[in-house]
Amino acid sequence: FLWVMVNNILIYLHVRNTLHKARGGPFSSVSYREGETIKAVAVQAFLYVGAFLFSQIWVIGIKTAEAFDWLEPKDLDRIFPLLVIMSFFLPLQGFFNMLIYIRPLFIRARREIP
């Protein structure tokens, strides 16, 4: 997860620097529209990371517990609810990604058709 978060921050910084260089001046001289583009890219990227984390955190927790031998065969009854939650949310990652993907289109449509 840390690697994904670092990559998203690097992408955000790259987009910001690219817009900054295109303007040829200090970052404060970026137009309102460019500033909104930077913000939209950052929000979209972090929504993808959030969806990834929300769907994967259950797997990460179970696998971490297994790796450190915190789980024994007798503990399966205790972690059954966690296994059910994992089985429910893990396949939903694609659905969450689809919702995030169509989000800009939905926002644009709401703005154009009040």
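Here are some short exercises, each with a worked solution, on a predicted model of a protein chain.

**Exercise 1. Get to know the fold**

Find how many helices and strands the chain has, and give the order of its elements.

*Solution.* Start by counting: the chain holds four helices and zero strands. Next, walk along from the N terminus, and the elements read α-α-α-α. Finally, look at how much of the chain is covered: 19% of its 114 residues count as buried.

**Exercise 2. Explore the largest pocket**

Work out which elements line the largest pocket and what kinds of residues are found in its lining.

*Solution.* Begin with the volume: the largest pocket contains about 540 Å³ of space. Its lining is made up of 14 residues, and those closest to the pocket centre are E36, T37, A40, I107 and R111. Now turn to the elements: α2 (32–67) and α4 (93–112) are the ones that give two or more residues to this lining. Helix α2 makes the largest share, with nine residues. As a last step, sort the lining by type: six residues are nonpolar, two are polar and six are charged.

**Exercise 3. Map a nonpolar patch**

Locate the nonpolar patch on the surface and decide whether L2, one of its members, is buried, partly exposed or exposed.

*Solution.* First, pick out the members of the patch: L2, V6, I9, L10, L13 and F46. Together they have about 510 Å² of accessible area. Second, ask where they come from: helix α1 (residues 2–23) supplies five of them, the largest share. Third, take L2, which has its place in helix α1. The relative accessibility of L2 is 66%. Exposed means over 50%, so L2 counts as exposed.

**Exercise 4. Track down the salt bridge**

Find how many salt bridges the whole structure has, then describe the one between K63 and E66.

*Solution.* A search through the whole structure turns up one salt bridge. The side chains of K63 and E66 meet in a salt bridge, with 3.4 Å from N to O. That distance passes the test, because a salt bridge needs the nitrogen within 4 Å of a carboxyl oxygen. Now place the two residues: K63 and E66 are both in helix α2, three residues apart, which is about one turn of the helix. To finish, check the cover of E66: its relative accessible area is 40%, so E66 is partly exposed.

**Exercise 5. Pair helix α1 with residues further along the chain**

For Y12 and N7, state the helix, the exposure and the C-alpha distance to a partner further along the sequence.

*Solution.* Take Y12 first, a residue of helix α1. Its relative accessible area is 25%, so Y12 is partly exposed. Although Y12 and A45 are 33 residues apart along the chain, their C-alpha atoms are separated by 8.0 Å. Then take N7, which lies in helix α1. With a relative accessible area of 28%, N7 is partly exposed. Its partner here is V49: the two are 42 residues apart in sequence and 10.0 Å apart in space, C-alpha to C-alpha.

**Exercise 6. Compare V59 and G94**

Decide which class of exposure V59 and G94 each belong to, and give the C-alpha distance from each to its partner, I85 or A51.

*Solution.* Begin with V59, found in helix α2. Buried means under 20% relative accessible area, and V59 has 18%, so V59 is buried. Measuring along the chain, V59 and I85 are 26 residues apart, while 9.6 Å separates their C-alpha atoms. Move on to G94, which sits in helix α4. Its relative accessibility is 46%, so G94 counts as partly exposed. The partner of G94 is A51, 43 residues away along the chain, with 9.1 Å between the C-alpha atoms.

Key
Residues numbered from 1 in each chain as written. Predicted model: local features only at pLDDT ≥ 70, side-chain atom pairs only at ≥ 80, totals over all residues. Heavy atoms only, no water. 1 Å grid on protein atoms, 1.4 Å probe; cavity = no way out; pocket = protein on both sides within 12 Å on 5 of 7 lines; lining within 4 Å. Points joined across faces, edges and corners; volume = space filled by probe spheres on them. Nonpolar A, V, L, I, M, F, W, Y, C, P; charged D, E, K, R; others polar. Patch = residues over 30% accessible without salt bridge, like charges linked within 9 Å, V, L, I, M, F, W, Y side chains within 5 Å. Areas by Shrake-Rupley, 256 points an atom, 1.4 Å probe, with all protein chains shown as cover. Buried < 20%, exposed > 50% of the residue type's maximum accessible area, 1.4 Å probe, protein only.
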